[in-house]
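Visitor: Could you take me through one part of this protein up close? Pick a single piece, and then show me how it sits in the rest.

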Amino acid sequence: MTKVSPSMLSADFSRLGEELLRVERAGADWIHIDVMDGMFVPNITVGPLVVKALRPLSRIVFDVHLMIEKPVRYVNAFADAGADILTVHTEAEGEIREAIKAIKDRGLRAGISLNPGTPFSAVEKYLDEVDVLLVMTVQPGFGGQSFREEGLPKITAAGRYAEECNPGLEISVDGGINRETGRRCAEAGATVLAAGSYLFRMDDMASEIALWKTFGKD
Ligand code: DX5
Ligand code: ZN
């Protein structure tokens, strides 16, 4: 079944704890937490303190997406705060392999992400070391943008790679995911759908998530 990871970027930030519980009750598999540093992307969101504050409320998988430069600097802080998955960007400054190793050394699942303009070949060299590939289908920084088609062939390529070399690899897609784009990504081989604005707009988030879990190759 396809997993669903609602993005807290579209939650009501004045009630983050309640929003987390709403997402969990709606049947989400993971919760996607977007960390932005105002450098790698022009926006600033939350850091380890917020992850730590939310952690005691739920045991749901915290899928933390680091849109920050030199991510190795913050691996320990996010691990201490209770992240389960830490995803770094291949375009970020700093030694990315070192960051992946630091994440794994802390016993967390590691992810690598790539922007719409970055070719699949830029992440291929990391795919035997990571647990998650996060394919961006918008330019990172803001929620509510339209899905960019460049991600689809990357999902297909990643699916092929996973089949041959790393069957446990989760292929996640993030940006502009709605019922239609989510279905197309899952059919192309995505195993996780991260979505913010579309899911949080739903009065009945649970039914939408239940439907998305049925999307897939077969
Ligand atoms: C964008 C973030 C996404 C964002 C997606 O930089 O990485 O996780 O929340 O939002 P939507 O689903 O609205 O495109
Ligand atoms: Zn994200």
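Guide: Let's start at Gly 189, just after helix α7, where the backbone takes a positive phi of about 130 degrees. This is a predicted model, so read every value here as computed from it.

Now step back into the helix itself. α7 covers residues 179-188, and its buried residues are Thr 181, Gly 182, Cys 185, Ala 186 and Ala 188. Why do these five belong together? They sit on the same side of α7, because they cover an arc of only 160 degrees around the axis. The spacing makes sense if you recall how helices wind: an α-helix has 3.6 residues a turn, so residues three or four places apart point the same way. Here, "buried" means under 20% relative accessible area.

What lies over that side? The cover on the buried residues of α7 includes one helix, α6 (151-165), along with two strands, β7 (170-174) and β8 (192-195).

At the N-terminal end of α7 you'll find a cap. Asn 178 does the job, with a side-chain oxygen 2.9 Å from the backbone nitrogen of Glu 180. So much for the helix and its two ends.

Next, the ligand. Ligand 1 has 19 residues around it, and those that come nearest are Ser 7, Gly 141, Asp 174, Gly 196 and Ser 197. For polar contacts, look at the oxygen atoms of ligand 1. One of them is 2.8 Å from an N or O atom in the side chain of Asp 34. His 65 also places a polar side-chain atom 3.3 Å from a ligand oxygen, while Gly 176 uses a backbone N or O atom, at 2.8 Å. On its own, ligand 1 has 380 Å² of accessible area, and the protein covers 100% of that. Two strands, β2 (30-36) and β3 (61-67), each supply at least two residues of the shell, and β2 gives the most, with three.

Finally, zoom out to the whole chain. There are nine helices and eight strands in the protein chain. Its radius of gyration is 16 Å, which agrees with the value near 17 Å that a compact globule of 218 residues would have. The C-alpha atoms fill a box of roughly 40 × 40 × 30 Å along the principal axes. Of the 218 residues, 56% count as buried. Among contacts with a separation of 6 or more, 65% come from residues 24 or more positions apart.

Key
Residues are numbered from 1 along each chain as its sequence is written. Chains are lettered from A and ligands numbered from 1 in the order in which they are written. This is a predicted model: local features need pLDDT of at least 70, side-chain atom pairs count only at pLDDT 80 or more; totals for chains, interfaces and linings use all residues. Side-chain values use heavy atoms; hydrogens and water are left out. Buried means under 20% relative accessible area, exposed over 50%, partly exposed in between (1.4 Å probe, protein chains only). Helices (H or I, at least four residues) and strands (E, at least two) are DSSP runs, numbered from the N terminus. The arc is that of the directions from the helix axis to the C-beta atoms. Contact means heavy atoms within 4.5 Å. A polar contact is a pair of N or O atoms within 3.5 Å; within protein, one must be able to donate a hydrogen and the other to accept it, and residues adjacent in sequence count only if both atoms are side-chain atoms. The radius of gyration is taken over C-alpha atoms; the globule rule is 2.2 Å times the number of residues to the power 0.38. A residue is near a molecule or strand if one of its heavy atoms lies within 4 Å of it. Accessible areas come from the Shrake-Rupley method with a 1.4 Å probe; for residues, only the protein chains shown count as cover.
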